[in-house]
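Welcome, and please open your viewer. We will go from stop to stop, with something to select at each one.

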Amino acid sequence: MTTLKRKAAIVGIAHLPFSKNIGTPERTNAMRVTMQALDDAGLRPEDVDGMVKSGLEATSEMEMCRGLGIENLRFFCEMGYGGGQGSGAIAVAAAAVASGQADVVVCWRARNRGSGGRPWAKTGWRVGGDQQFYSPFGCVRPVDQVAMIARRLMHESGITSRDFAEVAVACRAHARNNPHALMREPMTIEDHQASRPVSEPLRLLDCCLETDGALCAIVASADRARDTRHKPAWILSAAQATGNQTVVMANFHKTPFLETPTKWVARDVLRGAGLEPGDVDCAQLYDAFTPLVTMTIEEFGFCAPGEAKDFVRDGRLLAPHGGLPINTSGGGLSEAYVHGYNLILEAVRQVRGTSTNQVPGCETCLVTSGAGVPTSAFVVGA
Amino acid sequence: MIEGQPLPEPDEDSRPFWEGCRRGELLMQRCAACRRFRFYPRPMCPGCRSFDSTWEKVSGRGTVYSWIVAHKPVMPAFADRVPMVVVLVELEEDAGLRLVGQVRECANEDVRIGLPVEVVFESVADDVSLPQWRPRRG
């Protein structure tokens, strides 16, 4: 079987300070963070021959090349579907490297979402596409769409708002040790339960942050990775998935209702890396909303279907010694919401051994992107 | 209509659905070859791959499959309605046929999964009626 295993590695990472209002333009941020990630890798813009752009990104590859002074970009593409894309960027970059189409690929995402206003507030007066079937009825915000799924999840599995709170509290506990995290005040289950309802059954503390954030990860071939500044985070496997019943966010037409494309990336990345769920040392699970995490835990087989409500208790999600430490930089819930690109960076830190919530001897770290949209995942290893 | 409320922009696949709503009929797309219902509307049947389809009037009866209560901040068009219940209704014709809508003639406290509902059409613009839901009587 052809595999991606150890043909590419993430060799450089960087992010600009996370902020509600970063105060500098997205194009500037995109170039600055790329320079910092290259520096982290010990590489120069002259080494770059590939780019994977976030579909939400305002800056084009052309503009990046014109700014960074990259004479010849040999590989470039754009990833779609918001929070589903981050791991896919790494997957595509690794595939480009493994097939010889590029040696050093920049994956970046620079967006001023904290200061730029909420995307849903710009919903037009006339809505086409899939949106025509839910926005006119008031199911407009991502939180409304996930709440609709969460209510059914609670009905079918018996999971409760207090169980969702366990996810938020674990992320906050990790954020408290991360000087870059935006939310570092202590949080208890009771704090979560006392937070205001946004879209019942979800509360404010079930929701991720709105953040200005610029992040970059450099994917390089095995040959180049051996000469870089830090220990490479080897890509052991990567996958994307969508299916014939997928809708972005408002995934209300599936049978079974609660299955998402995550089940396919789970199968593919675990098999590709040669791992059982129990072999994963640490996981960065996409957490725009807490129920997405409990659903992902079940779809990856970290527990049996319907048992996430028990799995998340007793500190199991906490570094350093929980059974499955998740989102060890605080995740989208407490570090920054940047479409999951912060999860990618944190996985690299875990494998390097430099996380502020380091899992001792972390050899493998899973990263997932958004559940309930066309999605992606990958595993990095030491 | 409510100022600023998002309204559907029908396309070549969805136009029969919205034209039906305008006439007070709930229509669902159905494969002309294998008779499978499908929603959202699309050019071909994912089951048998036929490109032939019909639009059939369905009962307009269903049950609440899930529901939310939206609170502020919401779009200004919905600000006067919060806390606003939005339901997902599963039609009795087929388990996969589910429509998002709002409930009428029903207190927020009475909404629950399994509540039997029927469609009511609400004219919101000259060219648009939205299918909404109310508890079934009897």
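In which sense do E8(B) and E9(B) pair, and over how many bridges? Select both strands: E9(B) covers residues 128–135, and the two strands pair in the antiparallel sense over eight bridges. Keep in mind as you look that this is a predicted model.

**Stop 1: the hairpin in chain B**

With E8(B) and E9(B) still selected, look at the link between them: the two strands form a hairpin, with two residues between them. For one rung of this ladder, pick Val117(B), whose bridge partner in E9(B) is Pro135(B). In general, side chains in a regular strand alternate between the two faces of the sheet.

**Stop 2: the next strand over**

Now add E5(B), residues 61–70, to your selection. This strand runs antiparallel to E8(B), residues 116–125, and three bridges join the two. To see where they face each other, show Arg61(B), which stands opposite Glu118(B) in E8(B).

**Stop 3: chain B as a whole**

Zoom out and colour chain B by secondary structure. You should find one helix and nine strands. Following the chain along its sequence, you meet them in the pattern β-α-β-β-β-β-β-β-β-β. The radius of gyration of chain B is 16 Å, close to the 14 Å that the globule rule gives for 138 residues, so chain B is as compact as a globular protein of that length. Along the principal axes, its C-alpha atoms fill a box of roughly 45 × 35 × 25 Å. Of its 138 residues, 36% count as buried. As for links along the sequence, take the contacts in chain B between residues at least 6 apart: 51% of them join residues at least 24 apart.

**Stop 4: where the chains touch**

Bring chain A back into view. How many residues of each chain are in contact with the other? There are 31 in chain B and 32 in chain A. On the side of chain B that touches chain A, the elements giving two or more residues are E1(B), E5(B), E6(B) and E7(B). Of these, E5(B), the strand from stop 2, gives the most, with six residues. By class, this side of chain B has 20 nonpolar, eight polar and three charged residues.

Stay with E5(B) and select E6(A), residues 197–200, as well. Two bridges join these strands across the chains, and they run antiparallel. A pair to display here is Ser199(A), which stands opposite Ala70(B) in E5(B).

**Stop 5: two helices in chain A**

Next, select H6(A), residues 161–175, and H10(A), residues 290–299. Their axes come within 9 Å and cross at roughly 95 degrees. An angle from 65 to 115 degrees counts as roughly perpendicular, and H6(A) and H10(A) are therefore roughly perpendicular to each other. Show the side chains where they meet: Asp163(A), Phe164(A), Val167(A) and Ala168(A) come from H6(A), while Thr290(A), Pro291(A), Val293(A) and Thr294(A) come from H10(A). This contact has five nonpolar, two polar and one charged residues.

**Stop 6: a glycine in a loop**

Finally, find Gly117(A), in the loop between H4(A), residues 113–116, and E5(A), residues 126–127. Is Gly117(A) buried or exposed? It is exposed, because 11 other C-beta atoms lie within 10 Å and a residue with 12 or fewer counts as exposed. To finish, draw a distance from Gly117(A) to Cys216(A): they are 99 residues apart in sequence and 23 Å apart in space, C-alpha to C-alpha.

Definitions and conventions
Residues numbered from 1 in each chain as written. Chains lettered and ligands numbered in written order. Predicted model: local features only at pLDDT ≥ 70, side-chain atom pairs only at ≥ 80, totals over all residues. Pairing = 2+ DSSP bridges. Helix = DSSP H or I, 4+ residues; strand = E, 2+ residues; numbered from the N terminus. Contact = placed C-beta atoms within 7 Å. Nonpolar A, V, L, I, M, F, W, Y, C, P; charged D, E, K, R; others polar. Buried ≥ 20, exposed ≤ 12 C-beta atoms within 10 Å, placed from the backbone. Rg over C-alpha atoms; globule rule 2.2 N^0.38 Å. Axes fitted to C-alpha atoms, helices over the stretch in contact; angles between N-to-C directions. Parallel < 35°, antiparallel > 145°, perpendicular 65-115°, else oblique.
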